[in-house]
Amino acid sequence: MSNIAEPTLSLAERLRSATQAMHRRVERSTFMARLLQGEVDRSLYIGLMHNLQALYSALEQALLRHAAHPAVAPVVMPELFRSSAIEADLRLLRTAAHTTPPPLQTATQDYVQRLGTLDTTAPDLLVAHAYVRYLGDLNGGQALRRVVARALQLDEGAGTTFYDFGDRSSCQRLMLDFRHGLAMVELQCADQDALVAEAVSAFERHGQLFAQLSAPTP
């Protein structure tokens, strides 16, 4: 019998492994397929951004409230925050489309409620939601920015501030900084299993939101 211990996965590796299947499922959802193919009109895209702005606002306010928490602080990176960028994009898009804010989807309302619960009872689990949102934005944002701008016939940079993290080297630096933050969180996190489960749940919640966004309007 070998006495060599099995290598222990890092928190980042556990998060990636546990969420991989759900991540792939969400990416292949009807809504995301339409978005990636440039088949989302301005009204539907505004609906997506309106719902994401509510999520980011709740998440980022909670992260800032717990910026001194040892298991949260390493991933509190205001340069990643998207709420203000989405708000600016929505102002431009709504003005051009003469639209008013649509109601939030029930999946978004439930998600915001969950973030509020974590804010008051388990702030360390907010890290899971930061992981799902910010690394996803950094990895796929540049490609989506071009697709959205082309589909909605937007002038360069107009209405797509959400995806702007700087040039490729800036995106790479931000990803490395976030992953370094996860390594620091790993040293402080009391229950990594709960954090990993929360990340899986975050992807499930995104899947529910995308399904509701793509559902026919009654």
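How many of the 24 residues of α3 are buried? Keep that in mind as you open the structure, which is a predicted model.

**Stop 1: helix α3**

Select residues 42-65, which make up helix α3. Colour them by accessibility. The helix is mostly covered, with 18 of its 24 residues buried. Now check its length. At 1.5 Å a residue, the helix should span 34 Å, and its end C-alpha atoms are indeed 34 Å apart, so the two values agree.

Next, add Asp-41 and Ser-43. Asp-41 caps the N-terminal end of α3. Look for a side-chain oxygen of Asp-41 at 3.3 Å from the backbone nitrogen of Ser-43.

**Stop 2: Asp-89**

Move to helix α4, residues 83-97, and pick out Asp-89. What is the nearest side chain of opposite charge to Asp-89? It is Arg-82, at 7.4 Å. Asp-89 is buried and has no salt bridge.

What does the side chain of Asp-89 reach? Show Thr-160: its backbone nitrogen lies 3.3 Å from the Asp-89 side chain. Then display Gly-159, Thr-161 and Phe-162. With Thr-160, they are the residues in contact with Asp-89 once neighbours within four places in sequence are set aside.

**Stop 3: Arg-145**

Keep Thr-160 on screen and add Arg-145. Arg-145 sits in helix α6, residues 126-151. The side chains of Arg-145 and Thr-160 share a polar contact of 3.1 Å. Thr-160 therefore appears twice on this tour: its backbone nitrogen is reached by Asp-89, and its side chain is joined to that of Arg-145.Leave out residues up to four places away in sequence, and Arg-145 touches Gly-157, Thr-160, Tyr-163 and Asp-164.

Asp-164 deserves a closer look. Asp-164 forms a salt bridge with Arg-145, and the closest N and O atoms are 3.8 Å apart. Asp-164 lies in the loop between α6 and α7, while Arg-145 is in helix α6, so the pair ties together parts 19 residues apart in sequence. Asp-164 is partly exposed, with a relative accessible area of 34%.

**Stop 4: more salt bridges**

How many salt bridges does the model hold? The count comes to seven. Two others are worth selecting.

Begin with Arg-14 and Asp-193. They form a salt bridge, with the closest N and O atoms 2.6 Å apart. This pair links distant parts of the chain: Arg-14 is in helix α1 (residues 11-27), Asp-193 is in helix α8 (residues 192-214), and 179 residues separate them. Arg-14 is partly exposed at 26% relative accessible area. Asp-193 counts as exposed, at 51%.

Then go to Arg-173 and Asp-177. Their side chains meet in a salt bridge of 3.2 Å, N to O. Both residues lie in helix α7, four residues apart, about one turn of the helix. An α-helix has 3.6 residues a turn, so residues three or four places apart point the same way. Arg-173 is partly exposed at 43% relative accessibility. Asp-177 is also partly exposed, at 31%.

**Stop 5: the cysteines**

Finish with Cys-171 and Cys-189. Buried or exposed: which describes Cys-171? Cys-171 counts as buried, at 5% relative accessibility. Cys-189 counts as buried too, at 12%. Do not expect a disulfide in the viewer: the count is zero.

Note on methods: Residues are numbered from 1 along each chain as its sequence is written. This is a predicted model: local features need pLDDT of at least 70, side-chain atom pairs count only at pLDDT 80 or more; totals for chains, interfaces and linings use all residues. Side-chain values use heavy atoms; hydrogens and water are left out. Helices (H or I, at least four residues) and strands (E, at least two) are DSSP runs, numbered from the N terminus. Buried means under 20% relative accessible area, exposed over 50%, partly exposed in between (1.4 Å probe, protein chains only). Lys and Arg count as positive and Asp and Glu as negative; His and the chain ends are not counted. A salt bridge is a side-chain nitrogen of Lys or Arg within 4 Å of a carboxyl oxygen of Asp or Glu. A polar contact is a pair of N or O atoms within 3.5 Å; within protein, one must be able to donate a hydrogen and the other to accept it, and residues adjacent in sequence count only if both atoms are side-chain atoms. Contact means heavy atoms within 4.5 Å. A disulfide is a pair of cysteine sulfur atoms within 2.5 Å. The expected span of a helix is 1.5 Å times one less than its number of residues.
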